[in-house]
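Welcome, and please take a moment to turn the model around before reading on. The notes below walk through some of its strands, a helix and a few residues worth finding on screen.

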Amino acid sequence: ILSISSPMDFDAGRSKAIEVFCEALHLSINKREALTSGLTMTISAPGFLVPAAAPGSTNQLKGTEWIGNGMTMGRLAEHLESMLGEIMWNDASMDGEYDFVVPVANLNTARQSLLSKYGIALDTASRPVNVLVIESKR
């Protein structure tokens, strides 16, 4: 049993454990760049966005609608990515916090709602993304 007492020791121990694990199972772990499809989130009409009504950040799913209060553009992208199952690149260069109500039953309704209510466009794109590849050495 290995006992770890500091964050630096933990990181070194973790790296060593991964190295031993991979060697024992004849695996290699590598980072590769792969062209990946996803969605870019941009602001097509900034006048639609109104600052959050109250300080603080909350989010909830009510039926097929997601309600996000006090959300930054980055947090909006994270929630949309999770709910819609699509990689989301946040290209919306807007600071601040905003309130959103977005139907998330499917991508098309979310896209239409974001564009018509908030001036936020979701466009299909492909970009290089770093992926972790675990391969057999054999």
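At 55% relative accessibility, Ile-134 counts as exposed, because the cut-off for that word is over 50%. Keep in mind as you look that this is a predicted model. You will find Ile-134 in strand 6, which spans residues 120-136. Ile-134 also belongs to a nonpolar surface patch, together with Ile-18, Ile-29 and Leu-132. Taken together, the four residues of the patch offer about 380 Å² of accessible area.

Now for a contrast within the neighbouring strand. Strand 6 pairs with strand 1 in the antiparallel sense, over 17 bridges. Strand 1 covers residues 27-43 and is home to Thr-40. Is Thr-40 buried or exposed? Thr-40 is buried, since its relative accessible area is 9% and the limit for buried is under 20%. Leaving aside residues up to four places away in sequence, Thr-40 touches Trp-89, Asp-91, Ala-121, Leu-122, Asp-123, Ala-125 and Arg-127. One of these, Ala-125, is the bridge partner in strand 6 of Gly-38.

Strand 1 has a further pairing to look for. Three bridges join strand 1 to strand 4 (residues 88-90), and here the two run parallel. Within strand 4, Asn-90 is the residue that stands opposite Met-41.

Next, please move to the open sheet. Three strands make up this sheet, in the order 2-3-5 and with antiparallel pairing. Its edges are strand 2 (58-62) and strand 5 (98-103), each of which pairs on one side only. From one strand to the next, the twist averages 10°. Helix 2, residues 73-84, packs on the sheet and touches strand 2, strand 3 and strand 5. The direction of helix 2 makes about 160° with that of strand 3. Strand 2 and strand 3 (residues 65-71) run antiparallel and are joined by five bridges. To find your bearings along that pair, pick out Thr-58, whose bridge partner in strand 3 is Asn-69.

Here are the strand pairings with their bridge counts, side by side:

| Strand pair | Sense | Bridges |
|---|---|---|
| Strand 1 and strand 6 | antiparallel | 17 bridges |
| Strand 2 and strand 3 | antiparallel | five bridges |
| Strand 1 and strand 4 | parallel | three bridges |

One last thought may help as you follow individual side chains. In a regular strand, side chains alternate between the two faces of the sheet.

Technical notes. Residues are numbered from 1 along each chain as its sequence is written. This is a predicted model: local features need pLDDT of at least 70, side-chain atom pairs count only at pLDDT 80 or more; totals for chains, interfaces and linings use all residues. Side-chain values use heavy atoms; hydrogens and water are left out. Two strands pair if DSSP finds at least two bridges between them. Helices (H or I, at least four residues) and strands (E, at least two) are DSSP runs, numbered from the N terminus. Axes are lines fitted to C-alpha atoms, for helices over the stretch in contact, and angles run from 0 to 180 degrees between N-to-C directions. Contact means heavy atoms within 4.5 Å. Patches are made of residues with over 30% relative accessible area and no salt bridge: like charges are joined within 9 Å, nonpolar side chains (Val, Leu, Ile, Met, Phe, Trp, Tyr) within 5 Å. Accessible areas come from the Shrake-Rupley method with a 1.4 Å probe; for residues, only the protein chains shown count as cover. A salt bridge is a side-chain nitrogen of Lys or Arg within 4 Å of a carboxyl oxygen of Asp or Glu. Buried means under 20% relative accessible area, exposed over 50%, partly exposed in between (1.4 Å probe, protein chains only).
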